[in-house]
Amino acid sequence: MNITDFDIYGDLLKKESGLVLSQDKSYLIESRLNPVAKKWGYENIGNMTNALRAVPPKELIADIVEAMTTNETSFFRDARPFDIFKDTILPYYMKKPSANKHLRIWCAAAASGQEPYSLAMLLKEEAAKMPGWRFTITATDISNEILEQAKGGVYSQFEVQRGLPIMFLMKYFTQNGDKWTINDEIKKMVNYKYFNLLKDMSVLGKFDVVFCRNVLIYFDQPMKKDIMERISKQMADDGFFFLGGAETILGITEDFKSVSNVRGLYAKHDSHHVEQVQVAVAAN
Ligand SMILES: C[S@@+](CC[C@H](N)C(=O)[O-])C[C@H]1O[C@@H](n2cnc3c(N)ncnc32)[C@H](O)[C@@H]1O
């Protein structure tokens, strides 16, 4: 692919989704966009590129963005954030004198649903310790196709073997041939919505805990900063913010501060509840 054509896709992806494509990834454009070109009746990517130079239909742009997203995920990915959520964050809320007993969680790049369903299973397990509490899990993504998969809750043998404890597989899934479907009691705990992180977040409401893992890694520094700072505005003052293992706030924003000893866990910079949580983390 020549540089001018590459720039057309690079600019479009950055503007529409935040994704930054380096020139060495031009092979990705070829392999992922060939099926999009075919679907739209273009003989090759070159012809589709010409269409983009004019006024392309917004459905074509959405298909291109969708094809370029990386949806890699797994149940209980990296394990530790989920242990911290169960052993430290939930107990924090249990102890908190709370008038409305409502915990609002947002998975901001939910992909095929393993992350929100992992949280839903944990909440189901812990619910008996939190009588009277309501849990809302909002799970969003920019890809409609991956959201449809997430809503279906059907996983391959390979997917359920990655990170999902066998006890949860037996308890919360039903086997159909070589596929496993997550049970309705877990499915209905998660509300899936299309949402682009570049857009106005106030439409989503406020949250106590936000998981925004393994998506900002694809964005540049100003975009990461902008998204993190807008997320912080959607969070309760004593909320918690989880990033992926290779992501950090350091050098990007001061709207959050680290919860020491826990890589990837943050609180709002002016919150006072962090010390309590740090002590609890150290004790677990
Ligand atoms: C690698 S997956 C991460 C899934 C999960 N959070 C995890 O850590 O396993 C990244 C997801 O971010 C989504 N994504 C990419 N750009 C986005 C944007 N601008 N707004 C919302 N979601 C986006 C992709 O569609 C993809 O499903």
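**A ligand in the largest cavity**

The largest cavity is lined by 27 residues, and those nearest its centre are Thr-70, Ala-109, Asp-141, Asn-214 and Val-215. The model described here is a predicted one. The volume of this largest cavity comes to about 410 Å³, and the count of cavities of 30 Å³ or more is 1. Sorted by class, the residues lining the largest cavity are 14 nonpolar, 8 polar and 5 charged.

What takes up this space? The space taken by the ligand is the largest cavity. Around the ligand there are 20 residues, and the closest of them are Thr-73, Arg-77, Ala-109, Asp-141 and Asn-214. It is helpful to set two lists side by side here: Ala-109, Asp-141 and Asn-214 are among the residues nearest the centre of the largest cavity, and Ala-109, Asp-141 and Asn-214 are also among the closest to the ligand. The shell around the ligand is made up of 7 nonpolar, 8 polar and 5 charged residues.

Next come the contacts between the ligand and the protein backbone. A polar backbone atom of Ser-17 lies 2.8 Å from a nitrogen atom of the ligand. For Arg-213, a backbone N or O atom is 2.9 Å from a nitrogen atom of the ligand, and for Ile-142 the distance from a backbone N or O atom to a ligand nitrogen atom is 3.3 Å. On its own, the ligand has 610 Å² of accessible area, and the protein covers 97% of this.

The model also has pockets, which can be looked at in a similar way. The largest pocket has a volume of about 340 Å³. Its lining consists of 14 residues, with Glu-16, Ala-62, Ile-142, Tyr-194 and Asn-196 closest to the centre of the pocket. Ile-142 therefore deserves a second look, as a residue of this pocket lining that also has a backbone atom 3.3 Å from a nitrogen atom of the ligand, within the 3.5 Å limit for a polar contact. Which helix gives the largest share of the lining of the largest pocket? Helix H4, spanning residues 58–68, provides that share with 7 residues. By class, 6 of the residues lining the largest pocket are nonpolar, 2 are polar and 6 are charged.

Conventions. Residues are numbered from 1 along each chain as its sequence is written. This is a predicted model: local features need pLDDT of at least 70, side-chain atom pairs count only at pLDDT 80 or more; totals for chains, interfaces and linings use all residues. Side-chain values use heavy atoms; hydrogens and water are left out. A residue is near a molecule or strand if one of its heavy atoms lies within 4 Å of it. A polar contact is a pair of N or O atoms within 3.5 Å; within protein, one must be able to donate a hydrogen and the other to accept it, and residues adjacent in sequence count only if both atoms are side-chain atoms. Accessible areas come from the Shrake-Rupley method with a 1.4 Å probe; for residues, only the protein chains shown count as cover. On a 1 Å grid over the protein atoms alone, a cavity is a set of points where a 1.4 Å probe fits but cannot get out, and a pocket is an open set with protein on both sides within 12 Å along at least five of seven lines; lining residues have an atom within 4 Å of a point. A molecule sits in a cavity or pocket if more than half of its atoms lie within 2 Å of its grid points. Ala, Val, Leu, Ile, Met, Phe, Trp, Tyr, Cys and Pro count as nonpolar, Asp, Glu, Lys and Arg as charged, and the others, Gly among them, as polar. Grid points are joined across faces, edges and corners, and a volume is the space filled by probe spheres set on the points. Helices (H or I, at least four residues) and strands (E, at least two) are DSSP runs, numbered from the N terminus.
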